[in-house]
Amino acid sequence: AAMELPLSHSLASRAAALATGYLCYRRGSPGRGLALRSLRRARRQDINDVGHKYYLELELEDVLDKDSTVNCTAEVLYHLGNKNIAPDVQFTLEGELKNTDEADNIFYNRIKSPEKELVAENIPDSHGNVPPEMEPIRLLAWVASGYVIWQNSTENTKFQLAQIKHVKQVKRSDEYLEFDYMILLHDMVSQEIIPWKMTVLWHPQHGVQVTQDSRQPKHASG
Amino acid sequence: DQVFHIVPKTFQQVQHLQHLCSTLLLDLWKPQLPEDIRTGEDLHIRVSAPLVQEVKDSLDHHMISYKVVIPDVQKLVDQSMPKERSSDRQVPEGYIYTQYHPMGEIYQWMTQIQRNNSELVTQHYLGKTIENREMYYLQISQPSDKTKKIIWMDCGIHAREWISPAFCQWFVKEILQNYKSDPKISRLLQNLDLYVLPVLNIDGYIYSWEKDRLWRKNRSPHMNGTCYGTDLNRNFNSSWGSIGVSYNCSSETFCGSGPESEPETRAVAHFIERKKSDILCYLTIHSYGQYILTPYGSTTKPPSNSEELMHIAEKAAAALMGKYGTSYKVGSTSLILYSNSGSSRDWAHMIGIPFSYTFELRDNGTHGFLLPVEQIQPTCEETM
């Protein structure tokens, strides 16, 4: 029996943030980041000996084009007990996402064979600025952080990517692009800023993958 | 304006390019002079926007191949311009409300605002921060023979929430620019006094400019200077230390060594306590999340006037949405955000101030604390 939750309820917004992160990881690219525009409906079910399940109806927007939105339904299951298991998330998108092949390919070709590997810090900067040529790097981090957020969320956390402290491109002999990121995650519930290292792989046809990630001690971001 | 890169292949091409440069007075970046243009060597020229098409046509006509290496010179200039922090920029007429300002400039701004609007504005000392800096609030008060009720608004209790002090400054500017012409503001000032504290956590704010952009707390030292900062919004005497806090200094929600342990908290609390019978409304401005929060955070039991509080908050959120479509969630903190104790909003209500709200401004997390400067204006306009 699933109970209807008020849309502004803290548990509903945490589940929605988690679902959005997961979705963004699965569908995002350097040309497409997705953010939660609004929560349309939320229901919660207590499943004995299993955990808590949320049924959500979300409206998502394209980070680069706020007028481009898509509706989606998602189910989030937080497992009881063992905090080392990531929540299960399933989703269905209603409608199409904008095609980003052209932007993705331009970025891919720009970065693929550099004279010097890309290195950058503090994206956005203190004033919220992102240089235009860094926007795909930022979106890639946004997408990849969706993975980290998904893997580490509980009903008592609400993570967002706060800033990229440092990013370094890693040269590869195959067709993939690889980046080492040091990001800062913000947990709205505890208000903590958590540094996290992640290695991200991407190829226009193969999507985004986080191959390594590790939480860092608080003063590691320098 | 665009910058072209050309490598002339023949002497005819060189001649044509020299001709073009001198007749159209193009800006040669490399080489410096037309007579130094050579075959096989790089030529960089800046072409002003109105001439771009003409130059391209001419190059095409003469089969000179070119590459546009900078498609928009102004954009590049704007991006690379270092933020000017000179001391000539504190005059309010020239004060840029659509940028974030460091504390030194905010202090100067307060002085100027009072000086330029002395019939309405007075600056008052509130107390000192832990690092010995002076805290001031601005009182906006239309002279009258009746005592008026007070609306208190403080910004910047959490250092990293830069949009908050930006909003307090904007608010003051809007009131002062429009109180004569705008009937709503004029009526407001006839009946109410406004007290605005632009930055409550001054030490923390400065620290977020100079050392750690995402710092939240104040800068009080603990454990022999090995750990810093109390969360000022957990330090007020409202169910202090009971829930949603940490007793560990290294946490972002460390509630301090006791209620009102911090000088910043005491400065505000003592003042508000003294004036409480005249204070109608307590507002505290934060970011991010897009919420209008009502008491309490420490318990889900609703305050005595909760219906009225919600009704007003809902009207405010609707008005806000009417401006740019930004949607705010409204409700009690413990239900829609998280449990916390020791917040200034809860404390204000508990001592008897009927209307007490926390505003969490833009955005929803896409930029979070690092709200870009382009959003300062729309955020402030809709919140106004």
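Which residue stands opposite Glu121(A) in strand 7 of chain A? The residue facing Glu121(A) is His166(A). Keep in mind as you read on that this is a predicted model.

## Strands in chain A

Let's stay with that pair for a moment. Glu121(A) and His166(A) face each other where strand 6 (residues 119-123) of chain A meets strand 7 (residues 159-170) of chain A; these two strands pair in the antiparallel sense, over four bridges. Strand 7 of chain A also pairs with strand 8 (residues 177-187) of chain A, again antiparallel, through 10 bridges. Here Gln160(A) sits opposite His186(A) in strand 8 of chain A. To get from strand 7 to strand 8 of chain A, the chain makes a hairpin of six residues.

Another spot worth a look in chain A is Asp49(A), in the loop between strand 2 (34-47) and strand 3 (51-62) of chain A. Most residues other than glycine have a negative phi. Asp49(A) isn't a glycine, yet its phi is positive, about 65°. With a relative accessibility of 73%, Asp49(A) counts as exposed.

## A four-strand sheet in chain B

Now over to chain B, where four strands make an open, antiparallel sheet in the order 2-3-1-4. Strand 2 (27-30) and strand 4 (66-70) of chain B are at the edges and have a single partner strand each, so one side of each has no neighbour in the sheet. From one strand to the next, the twist averages 30°.

Further in, strand 1 (residues 2-6) of chain B runs antiparallel to strand 3 (residues 43-47) of chain B, and five bridges join them. Phe4(B) is one of the residues here, standing opposite Ile45(B) in strand 3 of chain B. Helix 2 (residues 52-61) of chain B packs on this sheet and touches strand 1, strand 3 and strand 4 of chain B, with its direction at about 15° to that of strand 1 of chain B.

Just past strand 2, there's a cis peptide bond between Lys30(B) and Pro31(B), with omega about -10°. Pro31(B) belongs to the loop between strand 2 and strand 3 of chain B.

## The eight-strand sheet

Chain B has another open sheet, built from eight strands in the order 5-6-8-7-11-14-12-13, with mixed pairing. Its edges are strand 5 (121-128) and strand 13 (329-332) of chain B; each has a single partner strand, so one side of each is left free of a neighbour in the sheet. The twist here averages 20° from one strand to the next.

For a parallel pair, try strand 7 (residues 149-155) and strand 8 (residues 192-197) of chain B, which share six bridges. Ile151(B) stands opposite Leu194(B) in strand 8 of chain B. Helix 6 (residues 183-191) of chain B lies across strand 6 (134-140), strand 7 and strand 8 of chain B, at about 95° to strand 8 of chain B.

## What's packed inside

Nonpolar side chains tend to be buried together in soluble globular proteins. The largest nonpolar core in this model has 75 residues, and those touching the most other members are Trp109(B), Leu126(B), Ile140(B), Trp152(B), Val268(B) and Ile272(B). Helix 5 (residues 163-178) of chain B gives the largest share of this core, nine residues. Setting aside sequence neighbours within four places, the contacts of Trp109(B) include Tyr95(B), Leu138(B), Val172(B) and Pro198(B). Apart from this core lies another, of 64 residues, including Ala15(A), Leu34(A), Leu97(A) and Val167(A).

Helix 5 of chain B is largely enclosed by the rest of the structure, because 14 of its 16 residues are buried.

## What the UniProt record adds

The unreviewed UniProt entry lists "domain: Peptidase M14" for residues 99-384 of chain B. That stretch is 35% helix and 20% strand, and its end C-alpha atoms are 17 Å apart.

The unreviewed UniProt entry also lists Glu360(B) under "active site". Glu360(B) is in strand 14 (residues 355-361) of chain B. Is Glu360(B) buried or exposed? Its relative accessibility is 8%, so Glu360(B) counts as buried. Leaving out neighbours within four places in sequence, Glu360(B) touches residues including His286(B), Ser287(B), Tyr288(B), Tyr328(B) and Leu337(B).

A little further along, the peptide bond from Arg362(B) to Asp363(B) is cis, with omega near 0°. Asp363(B) is in the loop between strand 14 and helix 12 (376-383) of chain B.

Terms used:
Residues numbered from 1 in each chain as written. Chains lettered and ligands numbered in written order. Predicted model: local features only at pLDDT ≥ 70, side-chain atom pairs only at ≥ 80, totals over all residues. Heavy atoms only, no water. Pairing = 2+ DSSP bridges. Axes fitted to C-alpha atoms, helices over the stretch in contact; angles between N-to-C directions. Contact = heavy atoms within 4.5 Å. Core = buried A, V, L, I, M, F, W, Y, C linked by side-chain atoms within 4.5 Å. Buried < 20%, exposed > 50% of the residue type's maximum accessible area, 1.4 Å probe, protein only. UniProt positions renumbered as here; feature names shortened; annotations may be inferred.
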